[in-house]
Amino acid sequence: MGKRAAMNATLKTPLSRQSAKKLTFRDNFDLPLLLIVVCLFAIGLLMVYSASWQYARFQGYSEYGTVLRQFVIGILGMVAMFVITQIDYHRYRRWVVWGMLTIGVLLVAVLIFGQSTGTSPRRGLFNGSVQPSEFAKLMIIVYLSFWLDGKRESMNKLSFGLIPLMAIVGVTSGLILAQPDVSAAATTILLGGILFFIAGGKLSQILLVLGVTAVLGFLVVKMSTTASTRLADYWSGLQNPENASDHVKWSLEAIINGGVFGVGIGRSTTKFIGLPVASTDSIFAVIAEETGLLGAFVVLGLYVAFIWRGITIAYRAKDDLGKWLASGITIWIALEAAINTGVLVNLLPFAGNALPFISSGGSSLVTVFAGVGILFGIARQSKLDPATSERSTPHAVVDLRRGDRRRSVSRPLSPSSDR
């Protein structure tokens with residue numbers, strides 16, 4: 001009887017009640033990350049209106065049409081984000097295979113039923129309003145995180161680890177490349193390689209992946225006129241900015257016009273006379289022209305802050321699965337922002353990656369909000385676990401990688417839980 005009473009007393013300790021309690025609405029979210037995301041979305045609404053109103057009026061549409069569509073889609077994305085936050089990310093395991101198959105079906109449907117609009121290739125369904133390649137980027141992170149978590153012991157074996165992983169990423173990126181969407185396919189391959197590295201893949205196998213990717217990239221450049229043209233324009237622009245593509249030249253002119261403090265919101269001229277797709281691919285150039293280098297660095301600073309919060313959530317995750325999911329989503333959104341801004345100043349070959357939370361586009365906006373919802377969910381689960389809720393902010397990114405399936409920084413043991 002004495003032992004049973006002691007066990008009952010142990011089960012009713014404050015820590016046990018703390019792990020079972022419900023969090024308040026405020027504690028359900030990482031407030032710094034929520035503030036960062038809301039700021040980026042608000043900036044996006046302002047700049048989408050500034051970049052689109054005249055073109056919409058010229059086409060005979062309402063000048064508020066594009067920004068209202070962005071606002072409605074953003075609200076729907078936020079609702080989805082709040083719902084996803086409440087879900088324990090371990091429960092995704094039963095759905096990841098079906099989710100990956102659904103993405104594959106949608107990508108095949110684009111090849112069969114997708115229609116080209118003007119000069120744009122067939123990359124979407126329903127008149128281009130839904131782009132499965134955007135969904136595929138997040139899905140590949142979620143699927144590979146669970147796949148790698150289940151392949152811990154055989155991950156570094158070629159036949160059970162690397163080769164199946166390359167097949168998963170290769171089929172997905174191949175379907176995207178067939179649209180053709182070179183930039184989305186390259187992003188998917190990068191995300192697969194980064195996740196394999198974070199999960200503790202051997203350096204020799206990572207080098208093998210890099211070698212295979214380089215060969216495939218060379219073949220793509222040789223076979224695809226789009227890829228070869230973009231690479232040639234990029235190389236010419238590095239040698240002399242005057243020989244860069246028209247897109248880059250208009251972007252550089254917008255940045256130069258903006259100077260330090262900008263010409264003022266709504267007063268950009270390049271968006272009217274030559275800057276292509278000002279509300280989507282080129283929106284950062286509009287920001288730089290209208291708000292100057294000051295405004296551009298504020299936007300970049302928000303993305304840096306996003307990376308900080310994402311790494312913090314990954315570090316505090318209660319298990320490796322949460323660590324990989326959080327770090328993969330953080331790197332993906334940071335990569336999208338880096339590619340979008342780097343292209344406009346000719347630091348990278350041209351790519352059609354959207355600027356997260358800011359560029360006009362429904363599929364991209366909903367997907368990044370869903371990714372943030374998963375980040376919030378991981379942070380929420382860490383708060384529910386008393387063993388992990390008091391961890392400090394990370395001092396190095398190295399802890400994101402499990403070298404040889406062991407953490408480089410020791411972590412306190414957490415009590416096992418049934419999920």
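Contact here means heavy atoms within 4.5 Å. On that basis, in this predicted model, W250 touches T270, I273, G274 and L275, leaving aside residues up to four places away in sequence. W250 itself sits in helix α11, which runs over residues 246–258. Its relative accessible area comes out at 24%, so W250 counts as partly exposed; the cut-off for buried is under 20%. There is also a long-range neighbour to look at: L344 is 94 residues away from W250 in sequence, yet the two C-alpha atoms are 8.8 Å apart in space.

Next, the aromatic rings. The structure holds seven aromatic pairs. One of them joins Y49 and Y64, and this pair is stacked, with 5.5 Å from centre to centre and 5° between the planes. Y49 belongs to helix α3 (residues 31–58), while Y64 is in the loop between α3 and α4 (65–85), so the pair ties together parts that are 15 residues apart in sequence. Neither ring's residue is classed as buried: Y49 is partly exposed, at a relative accessible area of 25%, and Y64 is partly exposed too, at 44%.

F357 and F369 make a pair of another kind. Their ring centres are 5.5 Å apart and their planes meet at 70°, so this one goes down as edge-to-face. The pair links distant parts of the chain, twelve residues apart: F357 is in the loop between α14 (320–344) and α15 (362–384), and F369 is in helix α15. Both F357 and F369 are buried. They also belong to one aromatic cluster, together with F41 and F306. As for charge over a ring, R309 lies over the face of W308, 4.5 Å from the ring centre.

That leaves the second largest pocket, which holds about 1,200 Å³ of space. Its lining is made up of 39 residues, and those closest to the pocket centre are A185, A186, I189, T213 and G217. Several helices contribute: α7 (158–177), α8 (182–198), α9 (203–223) and α10 (225–239) each supply at least two residues of the lining. In terms of chemistry, the lining of this pocket splits into 28 nonpolar residues, ten polar ones and one charged.

Definitions and conventions: Residues numbered from 1 in each chain as written. Predicted model: local features only at pLDDT ≥ 70, side-chain atom pairs only at ≥ 80, totals over all residues. Heavy atoms only, no water. 1 Å grid on protein atoms, 1.4 Å probe; cavity = no way out; pocket = protein on both sides within 12 Å on 5 of 7 lines; lining within 4 Å. Points joined across faces, edges and corners; volume = space filled by probe spheres on them. Helix = DSSP H or I, 4+ residues; strand = E, 2+ residues; numbered from the N terminus. Nonpolar A, V, L, I, M, F, W, Y, C, P; charged D, E, K, R; others polar. Buried < 20%, exposed > 50% of the residue type's maximum accessible area, 1.4 Å probe, protein only. Phe/Tyr/Trp six-rings, centres within 6.5 Å; stacked < 30°, edge-to-face > 60°. Lys NZ or Arg CZ within 6 Å of the ring centre and 35° of its normal.
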